[in-house]
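Trainee: I should be grateful for a close look at a single helix of this chain. Please describe how that helix is placed and then set it in the context of the whole fold.

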Amino acid sequence: DNENPFVTLKYFCNAFECFSAWEKDELKSFSDFISALRDRTWRQVLETSGKGDNKAGLAYTQYDIATIKNGAEEHLKRVRKQIGDDITFFELRVNQKMRVHGFRAKAAFFLVLLDREHRVFPS
């Protein structure tokens with residue numbers, strides 16, 4: 001947990017959402033997110049989890065893909081089938097509205113889905 005995270009796109013599913021749909025300011029927010037992630041250890045990322053108003057910063061939130069009903073689950077299930085049942089999916093906050101979804105393996109954050117309108121788990 002003392003390693004610095006880095007992002008990999010090996011399992012990225014652009015069929016759910018693609019960077020091409022993002023505006024310039026949203027892409028800047030994503031760049032800021034990458035910097036914020038890189039400047040932390042995984043322990044610090046995990047400490048941003050919480051419930052409701054207790055979430056902070058990157059707002060690490062684990063979830064069960066069975067709770068998703070908006071089309072994102074098919075992409076996550078496809079990745080789980082490739083990797084194995086033991087992976088834990090979670091979302092991270094890019095900004096107040098935007099999220100990214102994926103899983104961790106050692107220091108790597110495997111970004112699977114972009115979620116610019118927070119539609120996987122709307123507030």
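Mentor: Let us begin with the outer side of the helix in question. Lys81 and Gln82 are exposed residues of H3, and they lie on the face turned away from the buried side of that helix. The model is a predicted one, and the description below should be read accordingly.

Helix H3 runs over residues 72-83 and so comprises twelve residues. From the first C-alpha to the last, H3 reaches 17 Å, close to the 16 Å expected at 1.5 Å a residue. The buried residues of H3 are Ala72, Glu73, His75, Leu76, Val79 and Arg80. Because these residues cover an arc of only 160 degrees around the axis, they fall on the same side of H3. The list of buried residues includes Glu73, His75 and Arg80 alongside Ala72, Leu76 and Val79.

The cover over this buried side can be described next. Among the elements that cover the buried residues of H3 are strand E2 (61-63) and strand E3 (89-93). Strand E4 (99-105) and strand E5 (108-115) are also included in that cover. Just after H3 comes Gly84, whose phi is positive, at about 140 degrees.

A residue of another helix offers a second local view. Ser29 belongs to helix H1, which spans residues 24-38. Its relative accessibility is 17%, and since the cut-off for burial is under 20%, Ser29 counts as buried. Apart from neighbours within four places in sequence, Ser29 is in contact with Val94 and Asn95.

These elements may now be set in the whole chain. The chain contains three helices and five strands, and along the sequence they follow the pattern β-α-α-β-α-β-β-β. Of the contacts in the chain with a separation of 6 or more, 62% are accounted for by residues 24 or more positions apart.

As for overall dimensions, the C-alpha trace spans about 35 × 30 × 30 Å along its principal axes. The radius of gyration is 13 Å, which agrees with the value near 14 Å for a compact globule of 123 residues. Of the 123 residues, 44% count as buried. The chain exposes about 7,000 Å², and carbon and sulfur atoms supply 46% of that area.

To return to the helix requested: H3 has its buried residues on the same side, while Lys81 and Gln82 occupy the face turned away from that side.

Definitions and conventions. Residues are numbered from 1 along each chain as its sequence is written. This is a predicted model: local features need pLDDT of at least 70, side-chain atom pairs count only at pLDDT 80 or more; totals for chains, interfaces and linings use all residues. Side-chain values use heavy atoms; hydrogens and water are left out. Helices (H or I, at least four residues) and strands (E, at least two) are DSSP runs, numbered from the N terminus. Buried means under 20% relative accessible area, exposed over 50%, partly exposed in between (1.4 Å probe, protein chains only). Contact means heavy atoms within 4.5 Å. The expected span of a helix is 1.5 Å times one less than its number of residues. The arc is that of the directions from the helix axis to the C-beta atoms. The radius of gyration is taken over C-alpha atoms; the globule rule is 2.2 Å times the number of residues to the power 0.38. Accessible areas come from the Shrake-Rupley method with a 1.4 Å probe; for residues, only the protein chains shown count as cover.
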